[in-house]
Structure formats: C-alpha cells, structure tokens
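Good morning, colleagues, and thank you for your time. Please look at the structure on the screen while I go through selected local features.

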Amino acid sequence: MINLRNVEDSWKSLFSKPRRSRSFTRYGRPSEKAPKLTPQQATTILQANEKTYEVTKTGSVIKSIDWNQLASNNPLEDSLAIAQLCDNRSYLLGVFDGHGGPTCARVLAKRLLSYIAASLPSQHVTSLLIEQMTPTTEFRPEIESLYAYEFNQYHASVSHLRDILSNDESQSSTDSTERALITAFDAMDQQLSEEALAFLLGPEMGEILQRVPRWDWKPWWGNVFPSRDKILQLSTLSTAMSGAVASVVHISSNNLVLANTGDCQAVVGYLSEDGSWGAIKLGREHTSENVTEVERLYNEHPRSERDTVLRMDRLLGQLMPLRAFGDFRFKWPRHVLEKWVTPILGESALPPNYKTPPYLSARPEIVKHTLSPRDKFVVIASDGLWDLLSPTQVVRLVGEHMSGRVALGPLTLPPGDVTLEEINNMLQQRREGLSKRPLDTNAATHLIRHALASTETGLDPDRLSELLSLPDDVVRLFRDDITIIVTYFDTDYLLKSLHQTNTE
C-alpha cells in the first residue's frame, strides 16, 4: 500500500546516507565482525539473482546474455531490462541505477524500452516488444492503467516520426536509432514529470504547463475519483522525487548504439591479434570528473552561479550525476516546489541556491560502434561495479571466463579431416582453459565475485564472506548496488556481415 510516509522516507533517504560517492574504491576490510559465511553460502548469495539467456534463433548477432544483481541498499535501487524487438533480430538492453529510492529505476525498467521500440522506424503498427526477457515490477492497477494510457498517447504522437524516418533515405540505420533513443529518453522523462504534476496540481496544471516543456499531455484529473487520484498522486510523486541514471544499448546486425544518461557504463571487449584482451569504453560518465559535462552545465546558467551550480563535486551540492531521469526537484520551477512539494516533503525538497532551473536533464549522450569479428562481448553495468573494477579488468575477467567456460564443455572436433598437430593444439588450449576454470558459469556473477574478493594474490574468501555478511545499515558504506549485463556476440555472424560489407 502506497502512503505518504513511504514517499517521505524514500525522500529523506537521499540525505541520510552517502549517495553515489566515489570514495569506495578497493574498500579494504570492514571493522565490524559478522558470522563467517562458508564458501558455499557465499556462492549461494552471489548466484541468487543470476540468469542466462541463450539465443536459439538463427541470424542473430547475439549468442547469449548473462546478467546478475547484488544488493547493497535495502531495497535494491538498481533495475535492468532486456528485450528482443518484433523484427526478431534487434535487442535492447538497459541498466538503471536509482537513487533516493528504487521507484524511478523500476518505472524505467518497465516502460522505457517500449518507448524506444515505438520510436524506431522498423517498428510499425504494434511497436511492441515480443519477448521481454527480464521480469518487471507489477504496480497497482491504477498505476498500470495510467502507464498504458500514457504509452498509447506517446505511440500515437510519434507515428509521424516513424513515417518520416522510414521514408528518409538519407538517414542511416544508426542515425534513425540515435534519433529514436533521444526522443524516447526525453519523452519518458517528460511524462514522468507531467504525471506527477497532474495529480499534484489538479486543474491548476494548465497554468504550470505553460512554464514547463510539454509532450501531448491529456490530463486525467478531468474525472475525479478521490481514492484513485490519491494513490496516483503519491505514486507519481514518489517516482518524480527519486531519480535514476541509465545506459541502454540497441544492437542490430553489426551496429551497436548506446544511449547513456548519468554514470552507468558500457564497455566492449575485443580480442587483439596477439591474443590479448582490449577494452573499448563507450562514452563517459556525466559527473564532475567529466570536464566537458561541467562546461555544459556552466554554460546553461549565469556566471553568477558558477560557485553554487557545482559544489563539492555535486549538482547544487547534493546530486552526484549531472544527468538523470526523475529528480524533478532539480528541474521544476521554484514556485512549484515551494507551493506544492515542500508542504508534503519539507523544506529539504528545495535545493539551496535554486535560481535558474532546470539544472538537470535526462537527454542521453549517444555513442555508435560498428561491431567487428574481434568484438566478443559488451558489458553494461551500474557504477557499483566500476567503483571496484576498471574497464580493462572487467574485459580481462570476462575474456578469461570465456576460455575457462569453454574448457568445461565436451571436446568437439571440427568437421572434415583433422591432423594430429591440430588435435594437439586443441588439447593444449583446453589445458590452458582448465587452469582458468571459473567458479561461476555466469559471467556477471564471476565479475561480482572478483569485484568483492580479488586481491593481489587472488580471490580472498574471507574478504568475500565479510562483505556479503555486513548488516543493512553498514554495507552501503563499503559498496553500492551492483547490476551487470554481459552480452556475447556471435563471431560467425559478424564474419559473414563483414564479408557481405566488403563485397558490396
């Protein structure tokens, strides 16, 4: 049951504990002692949320997908979503890292991929995802009805965009994908805003909407049902006052397009000619460490605010990511916060030095990458992983995990005649792979284990036990929520795609 206390508690949690701090890199041992976990108990915890999806359809660039999550916050504030589009060959994979509560991230995991699919020119009348590989949160019926209504409104409003992109021969597939991703991100954030304003302001929203951007809004408050509207008000306000960063990857054929808002990351792992693993980091995080992002922020506000827009490496001294969904206390006009939000959530809902909003945007940065046969996988993860491991370390671990996992399977000889030398080479590779045999068959779990337990001398089971047995009120000081998606590419498919490109 949604109530006002839940909204207030979720809101206050934003300030009651460290938020998105960069201080936890290689944390060291916690001082508090807890009952020691056995190796099997630790493995059970690590593997509790792991999943693997094997692609069985022919003609797909994706071979398989591993994913997993490990909570630090209670409840877990990260979410993820994976889906195949109705063209049977394109995929959307997203990681959503929430803050100030889990609501915004859960809503994005439920809704955003459908908005992207509806915006793509390859999607026509239905524009639906035919296969959702990850479960989504089930909200109250009133909320589900609102979300269905809003999606239908969006779907109808972007039909002209799909028609334009489908008929525009000058638009490459990656250009139209980029436009669809940006459109869907912007529209999703705008609908989160307008849904909350509608049930917060009621009929007075008409005046407010003249001062905020619009996206074909159709107000629900015309038909008044007090009990329903109270539920909708509290739910939409909870979503609006929490926030989330997002990394969504669209993969079709040999084209990978990333839309990134905030400080999640995506990294492509490739195999060099000398057999070593290399990492291609796609884009940069939107934090104060990104000089270009800081300059963008400064340029959007008067010079008189240079000392207040960014303080202590945080937006208005409070928020670590400089782009995010939700967080409308950094976006709405000041008088909206003062008149309608602070009476519910208190004076802390209004950030200090709040003069020229909006200060925050969900507009994604787009990064395009053409896959080659040397590209073997892409890792998308929340910053809970990247706080502990570098992109190079992540790619090396997944690459070694690939070799070790192959060694666990039966030895199969290639078709045709095989020489003794070739068989000897295969056996040698198998022996090398067995030396790297992983404890976990799931690559995402493998990464979490190494993020928590690796030391200069190898995996430390005592360290793993301690970090997995910390109480809820302590664990957040040592690590963040971790969400990982590892997507493997089909090398044979990419070789054929490269051959077709070279012969055209």
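Let me start with the aromatic pairs, of which this predicted model holds 8. One of these pairs is formed by phenylalanine 328 and tryptophan 332, with the ring centres 5.5 Å apart and 15° between the planes. Why is this pair called stacked? The angle between the planes is 15°, and pairs count as stacked because their planes are under 30 degrees apart. Both partners, phenylalanine 328 and tryptophan 332, are buried. Phenylalanine 328 has a further neighbour in lysine 331, which lies over the face of the ring at 4.7 Å from its centre. Elsewhere, Tyr115, Phe151 and Tyr154 are joined by ring pairs into a cluster.

I now turn to strand E3, residues 78-85. How many of its residues are buried? The count is 8 of 8. Asp78, Leu80, Ile82 and Gln84 point to one side of the strand, while Ser79, Ala81, Ala83 and Leu85 point to the other, and both sets are buried. The covered residues of E3 thus include Asp78, Gln84 and Ser79 alongside Leu80, Ile82 and Leu85.

What is the partner of E3? E3 pairs with strand E4, residues 90-99, in the antiparallel sense, over 7 bridges. Within this pairing, alanine 81 stands opposite glycine 94 of E4. The two strands form a hairpin with 4 residues between them, and in this hairpin asparagine 88 adopts a positive phi near 70°.

On the other side of E3, the loop between strand E2 (62-70) and E3 contains proline 75. The peptide bond leading from asparagine 74 into proline 75 is cis, with omega near 10°. A cis peptide bond is also found between proline 357 and proline 358, where omega is about 5°. Proline 358 belongs to the loop between helix H11 (334-345) and strand E13 (365-370).

That loop between H11 and E13 also holds asparagine 353. Asparagine 353 is not a glycine, yet its phi is positive, near 60°. Is this residue buried, partly exposed or exposed? Asparagine 353 has a relative accessibility of 29% and therefore counts as partly exposed. Aspartate 313 is likewise a residue other than glycine with a positive phi, here about 65°. Its place is the loop between strand E10 (310-311) and strand E11 (314-315). With a relative accessible area of 48%, aspartate 313 is partly exposed.

Finally, I come to helix H16, residues 461-468, which is mostly covered, with 6 of its 8 residues buried. Which residues are these? They are Arg463, Leu464, Ser465, Glu466, Leu467 and Leu468. The elements they pack against are helix H2 (39-47), E2, helix H15 (443-453), strand E15 (454-455) and helix H17 (472-475). E2 has appeared already in this talk, as the strand before the loop of proline 75. At the start of H16, aspartate 460 places a side-chain oxygen within 3.0 Å of the backbone nitrogen of aspartate 462.

To close, I would recall two points for the discussion. Strand E3 has 8 of its 8 residues buried, and helix H16 has 6 of 8. I welcome your comments.

Definitions and conventions: Residues numbered from 1 in each chain as written. Predicted model: local features only at pLDDT ≥ 70, side-chain atom pairs only at ≥ 80, totals over all residues. Heavy atoms only, no water. Buried < 20%, exposed > 50% of the residue type's maximum accessible area, 1.4 Å probe, protein only. Contact = heavy atoms within 4.5 Å. Polar contact = N/O pair within 3.5 Å; in protein donor to acceptor, adjacent residues only side chain to side chain. Phe/Tyr/Trp six-rings, centres within 6.5 Å; stacked < 30°, edge-to-face > 60°. Lys NZ or Arg CZ within 6 Å of the ring centre and 35° of its normal. Pairing = 2+ DSSP bridges.
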